[in-house]
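Thanks, everyone, for making the time. Let me put the structure up on the screen, and then I will talk through helix packing and the nonpolar cores.

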Amino acid sequence: MNVEITPKKLAGTVAPPSSKSMTHRAILAAALSQGTSTLRNVSFSQDIRATLDCVTGLGCHWEEPEPGVLSVQGIWGREWDPAGLSVFDCGESGSTLRFLLPVVLALEGGGQFTGRGRLMERPQKPYFDLFLERGIHYEQVDNILTVQGELEPGEFALPGDVSSQFVTGLLYALHFMERDSRILLTTPLESAGYVRMTLEVLSAFGVEIENRDFREFLVPGEQFCQARDLTMEGDWSQAAFWYAAKALGSPVEIAGLREDSSQGDRVVRDLFPRLCREEGEVELDLSGCPDLLPPLAVMAAGRRGITRFTGAARLRLKESDRLATVHGLLSALGCPSEEGPDSLLVYGGKPLSGGVVDGAGDHRIVMAAAIAATACQGPVTILGAGAVEKSYPAFWQDYKELGGEVHVL
């Protein structure tokens with residue numbers, strides 16, 4: 001789907017969808033529970049449906065008794081003997097793939113994983129190194145990753161600066177084993193807030209893990225998730241786009257967010273005034289919140305001065321090469337920028353012209369372009385605008401309800 005946006009300021013109150021990060025974690029904990037959990041305020045994006053499909057592959061049953069509510073019947077205590085290796089289609093969801101890999105090994109001794117877009121190109125080396133140490137077979141042929149072997153409890157050493165998702169996957173796989181385990185990070189943990197969220201969700205389901213300053217995690221064995229009734233909080237990652245609209249002059253109010261959330265992207269609340277009020281050159285390290293680059297870059301385009309974004313190398317391995325595609329977005333709309341190996345320099349303050357933006361199959365590029373359009377002098381055409389289904393299916397509806405003019409081409 002391609003759309004054309006007529007530049008217009010937005011106004012009103014918007015509530016972002018529920019946190020995708022929290023929902024992934026809650027679904028997996030509910031699936032590993034004994035009994036039936038109820039998850040409320042669930043937004044059914046493509047990524048969340050990928051996780052639901054994968055826990056179904058584990059033998060979990062779920063249903064949606066009413067809109068936004070999930071009833072999840074856990075697998076613990078049930079007999080289930082799949083014939084051969086199960087196949088888990090993770091869609092384009094990195095969280096689904098990395099959370100499920102060690103869990104499937106622990107439960108079933110292996111499985112086959114596949115996905116779409118760039119998912120199977122994203123790095124799994126921290127897991128692969130651990131698999132080699134433990135004699136676990138892995139092989140990736142074309143778009144299918146096969147893993148097979150016994151994941152046993154013990155000590156797991158891995159880097160913390162590739163993705164916090166590897167730590168989360170291990171925390172889910174180790175707590176129900178027969179012995180205690182220890183996770184030791186060999187480099188500082190980036191995006192620590194999301195591991196904090198993992199610990200909070202597991203604690204809500206009755207699993208306690210000792211966190212030693214995010215460098216070491218002691219995981220007692222023989223702990224089992226207990227079914228819970230849990231409400232999903234609002235998503236700060238998606239709220240960042242509405243903060244960008246505010247920065248560009250749209251009087252938008254954002255509702256439904258938890259102020260003390262563990263979501264790393266909550267930092268947008270603190271970065272917003274810097275990009276709106278601070279003069280001169282501003283430098284922002286995104287190593288702990290890389291997904292914020294698209295909306296922050298749009299904010300930077302609207303301010304007078306240079307904004308330097310650093311610590312963004314991981315963005316090259318997202319749904320698109322986001323350093324390149326954000327640079328392309330800004331260039332298409334008339335904002336000068338310079339792309340570095342792990343950085344982006346934005347020269348803001350020049351009026352945005354409008355133009356044609358390639359969404360690159362990336363939901364965050366599409367949403368950033370739509371917000372940038374509110375401050376453009378001419379129409380903005382976005383190619384592949386349907387990519388928002390990955391994380392924020394109601395984005396275009398919310399955009400229109402705030403007064404945005406969107407025409408499907």
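At what angle do helix H1 and helix H3 pack, and how far apart are their axes? In this model, which I should stress is a predicted one, H1, covering residues 20-31, packs against H3, covering residues 94-108, at an angle of about 25°, and their axes lie 11 Å apart. Since angles under 35 degrees count as roughly parallel, H1 is therefore roughly parallel to H3. The crossing in which H1 passes H3 is right-handed. On the H1 side the contact involves His24, Arg25 and Leu28, which meet Ser95, Thr96, Phe99, Leu100 and Val103 of H3; sorted by class, this contact comprises 4 nonpolar, 3 polar and 1 charged residues.

Turning to the other partner of H3, helix H2, residues 46-57, packs with H3 at an angle of about 5°, with the axes 11 Å apart, so H2 too is roughly parallel to H3. Here Asp47, Ala50, Thr51, Cys54 and Gly57 of H2 are in contact with Thr96, Leu100 and Glu108 of H3, and the residues of this contact divide into 3 nonpolar, 3 polar and 2 charged.

Now to the cores. The largest nonpolar core has 68 residues, and those with the most contacts inside it are Leu39, Phe113, Leu171, Ile183 and Phe217. If we set aside neighbours within four places in sequence, the residues in contact with Leu39 include Ala26, Ile27, Val69, Leu70, Phe205 and Met232. There is also a second, separate core of 65 residues, among them Ala244, Val282, Cys289 and Leu323.

Conventions: Residues numbered from 1 in each chain as written. Predicted model: local features only at pLDDT ≥ 70, side-chain atom pairs only at ≥ 80, totals over all residues. Heavy atoms only, no water. Axes fitted to C-alpha atoms, helices over the stretch in contact; angles between N-to-C directions. Helix = DSSP H or I, 4+ residues; strand = E, 2+ residues; numbered from the N terminus. Parallel < 35°, antiparallel > 145°, perpendicular 65-115°, else oblique. Left-handed = near helix turned anticlockwise from the far one by under 90°. Contact = heavy atoms within 4.5 Å. Nonpolar A, V, L, I, M, F, W, Y, C, P; charged D, E, K, R; others polar. Core = buried A, V, L, I, M, F, W, Y, C linked by side-chain atoms within 4.5 Å. Buried < 20%, exposed > 50% of the residue type's maximum accessible area, 1.4 Å probe, protein only.
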